Amino acid sequence: MTIALVVKVHDGLVLASDSATTLTMSFGGASAVANIYNNANKVFNLYKGLPVGAMTWGLGSIGPASIATLAKDLRRRFTGNDPSFADWKLDPENYLVSDVAARAREFLNDGRYEVVEAEAAAQGQPAPYLGFLVAGYSSGADQPEAYVIELGENGSPDIATVVPDEAGAAWWGQPDAIARILNGMSIAFPDALVNRGLVSTAADAAAIYGAVREELNPQMVTAAMPIQDAIDLAEFLVHATIQVVRFSPGNPTVGGPIEIATISKHEDFKWVRRKHFFETRLNPLNGAS
């Protein structure tokens, strides 16, 4: 599991995530957590020098490649460094983030995730879920956009727009801690209403949840919030999730270093906080990422 968060304000977007990835194995026919690693990479720059980035949650790898490695392969195509896919190269003066998202879905699915899906179907198992966010500014645009790609169980064949308003936040993975802070209540509230017999249908419970959320709305994310404050809020929300999971029963499936990046119209994609497995002092970054 994980926590992946995007915050949108007038100044741009903030992408933030933890670094935990969970290894599950089958023991006696039952799936169980075998290990938790705390150094996975979940936030990516999709084109150096352009305001376009990505973030992932769910499935950590497809075949022998991690999603982080695949994101860098995708970046090679977008920057024109993969001669086999020269037509994927982005024109910095004429591109749409929605088209980047569509290409990303094609890249992840065709010949990659569809193989995982077929293998799962052959075993009578649901396909594992993969979430992938593509976000940034289309060429010449004044406002950023964010799109979610979902593959596998409970996924959608369509690319969905998230945070369509001028300001707001969206989050995935283990969402309850952030939901309690930003919405004023747990995501389990609708189920609790049904289970207690306070409403008769899930639709009624969802309607009540929406009404209460609107009433309690703490308005933590505002359009006028400076990007530094959006960064601070994103870090707080990811850290809060890590601590809630840490002190809750079960495996600490959210954790490790917090990674944060911003995407703004004039500063493009910028790292605010990230980890390296190598010593940056000994390895100049002009050719690495």
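**Note on the predicted model: two sheets, their helices and some side-chain pairs**

1. In strand S1, Leu-5 faces Ala-16 of S2 across the pairing. This is a predicted model, and the remarks below should be read with that in mind. On the S12 side, Leu-5 stands opposite Trp-171. Another residue of S1, Ile-3, is placed opposite Gly-173 in S12.

2. S1 covers residues 3–9 and pairs with S12 in the antiparallel sense, over six bridges. Strand S2 (residues 12–17) is also antiparallel to S1, and six bridges join the two. Two residues separate S1 from S2, and the two strands form a hairpin.

3. These strands belong to an open sheet of five, in the order S12-S1-S2-S13-S14, with antiparallel pairing. S12 and strand S14 (268–273) are its edge strands, each pairing on one side only. From one strand to the next the twist averages 15°. Strands of a sheet pair through backbone hydrogen bonds, either parallel or antiparallel.

4. How much of S1 is covered? Seven of its seven residues are buried. In a regular strand the side chains alternate between the two faces of the sheet. In S1, one side carries Ile-3, Leu-5, Val-7 and Val-9, the other Ala-4, Val-6 and Lys-8, and all of these are buried. Note that Lys-8 is among the buried residues.

5. Helix H3 (residues 176–183) lies across S1 and S12 and runs at about 160° to S12. Its buried residues are Ala-177, Ile-178, Ala-179, Leu-182 and Asn-183. An α-helix has 3.6 residues a turn, so residues three or four places apart point the same way. The cover over the buried residues of H3 includes S1 and S12, together with helix H5 (202–216) and H6. Gly-184, just after H3, has a positive phi of about 85°.

6. Thr-253 is located in the loop between helix H6 (227–246) and strand S13 (259–264). Is this residue buried or exposed? Its relative accessible area is 10%, under the 20% cut-off, so Thr-253 counts as buried. The side chain of Thr-253 makes a polar contact of 2.4 Å with that of Gln-174. Beyond its neighbours within four places in sequence, Thr-253 is in contact with several residues, including Met-1, Thr-2, Asp-18, Ala-20 and Ile-36. Gln-174 and Val-245 are also in contact with Thr-253.

7. A second open sheet has five strands in the order S5-S6-S9-S10-S11, again with antiparallel pairing. Strand S5 (43–45) and strand S11 (160–161) stand at its edges with a single partner strand each, so one side of each has no neighbour in the sheet. Strand S10 (residues 145–151) runs antiparallel to S11, and two bridges join them. Within this pairing, Tyr-147 stands opposite Thr-161 in S11.

8. Two helices lie across strands of this second sheet. Helix H1 (residues 67–78) lies across S5, S6 and strand S9 (130–136), at about 15° to S5. Helix H2 (residues 97–122) lies across S6, S9 and S10, at about 15° to S10.

9. The structure holds seven aromatic pairs. How are the rings of Trp-57 and Trp-172 arranged? Their centres are 4.5 Å apart and their planes lie at 10°, so the pair is stacked. It links distant parts of the chain, with Trp-57 in strand S6 (residues 52–58) and Trp-172 in strand S12 (residues 168–173), 115 residues apart. Both Trp-57 and Trp-172 are buried.

10. Ring pairs also link Phe-78, Phe-85 and Trp-88 into a cluster. Over the ring of Trp-88 sits the charged end of Arg-77, 4.7 Å from the ring centre. Elsewhere, Arg-112 lies over the face of Phe-107, at 4.0 Å from the ring centre.

11. Pro-64 is in the loop between strand S7 (61–62) and strand S8 (65–66). With a relative accessible area of 92%, Pro-64 is exposed. Its C-alpha atom is separated by 30 Å from that of Thr-161, and the two residues are 97 residues apart along the chain.

Key
Residues numbered from 1 in each chain as written. Predicted model: local features only at pLDDT ≥ 70, side-chain atom pairs only at ≥ 80, totals over all residues. Heavy atoms only, no water. Phe/Tyr/Trp six-rings, centres within 6.5 Å; stacked < 30°, edge-to-face > 60°. Helix = DSSP H or I, 4+ residues; strand = E, 2+ residues; numbered from the N terminus. Buried < 20%, exposed > 50% of the residue type's maximum accessible area, 1.4 Å probe, protein only. Lys NZ or Arg CZ within 6 Å of the ring centre and 35° of its normal. Polar contact = N/O pair within 3.5 Å; in protein donor to acceptor, adjacent residues only side chain to side chain. Contact = heavy atoms within 4.5 Å. Pairing = 2+ DSSP bridges. Axes fitted to C-alpha atoms, helices over the stretch in contact; angles between N-to-C directions.
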